[in-house]
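Q: I have a structure to go through and would like to ask about it piece by piece. Can we start with the strands?

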Amino acid sequence: MEQLQQFAPFILMFVVIYFFMIKPQQKRAKNEKQFESELKVGDKIVTKSGIHGKISELAETTIVIETMSGKLKMERSSISMEMSAAPAKK
């Protein structure tokens with residue numbers, strides 16, 4: 001019984017860390033992956049580096065976007081889900 005009381009704070013800390021740090025990060029990664037898989041030609045997007053454009057071609061891991069200065073080929077993972085939400089509504 002004493003051993004359980006000694007380890008209770010450590011167990012409690014792990015549970016708190018799991019539910020406040022690990023679980024939300026897993027959920028966010030799942031949402032990002034779903035967002036990447038739902039992209040289609042014509043969607044307006046913003047990359048994580050701040051480049052605005054419209055998708056003109058899609059491949060399995062890459063995309064081609066049209067910007068004001070021309071076309072750019074980049075990885076799907078470089079698209080920001082949060083920053084792309086605002087231009088998609090316009």
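A: Yes. This is a predicted model. V46 has H52 in strand 2 as its bridge partner.

Q: How many bridges join strand 1 to strand 2, and which way do they run?

A: Strand 1 covers residues 44-46 and strand 2 covers residues 52-58. Three bridges join them, and the two run antiparallel. K44 is placed opposite K54 of strand 2.

Q: What sits between those two strands?

A: Five residues lie between the strands of that hairpin. Among them is G50, which takes a positive phi near 95°.

Q: Back to K54. What is its bridge partner in strand 3?

A: That partner is E66. So K54 has K44 opposite it and E66 as its bridge partner in strand 3, and as general background, strands of a sheet pair through backbone hydrogen bonds.

Q: And how are strand 2 and strand 3 linked?

A: Four bridges join strand 2 to strand 3, which spans residues 62-67, and the two run antiparallel. They form a hairpin too, with three residues between them.

Q: What does the whole sheet look like, and in what order do the strands come?

A: The sheet is open, with four strands in the order 1-2-3-4 and antiparallel pairing. Strand 1 and strand 4 are the edge strands, each pairing on one side only. On average, neighbouring strands of this sheet are turned by 45° against each other, direction ignored.

Q: New topic: helix 1. How many residues does it have, and how far does it reach?

A: Helix 1 runs over residues 2-37, which is 36 residues. From first C-alpha to last it reaches 51 Å, close to the 52 Å expected at 1.5 Å a residue.

Q: Where does helix 1 bend?

A: At Y18, by about 40°.

Q: Which residues of helix 1 are buried?

A: E32, F35 and E36 are buried in helix 1. As a general point, residues three or four places apart in an α-helix point the same way, because there are 3.6 residues a turn.

Q: One more residue, S80. Where is it found?

A: S80 is in the loop between strand 4 (70-75) and helix 2 (81-89).

Q: Is S80 buried or exposed, and why?

A: S80 counts as buried because its relative accessibility is 6%, and the cut-off for buried is under 20%.

Q: What is S80 in contact with?

A: Leaving aside neighbours within four places in sequence, S80 is in contact with F35, V46, T47 and K48. F35 is one of the buried residues of helix 1, and V46 is the residue whose bridge partner in strand 2 is H52.

Conventions. Residues numbered from 1 in each chain as written. Predicted model: local features only at pLDDT ≥ 70, side-chain atom pairs only at ≥ 80, totals over all residues. Heavy atoms only, no water. Buried < 20%, exposed > 50% of the residue type's maximum accessible area, 1.4 Å probe, protein only. Contact = heavy atoms within 4.5 Å. Pairing = 2+ DSSP bridges. Expected span 1.5 Å × (residues − 1). Bend = angle between axes of the 7 residues up to and from the residue. Axes fitted to C-alpha atoms, helices over the stretch in contact; angles between N-to-C directions.
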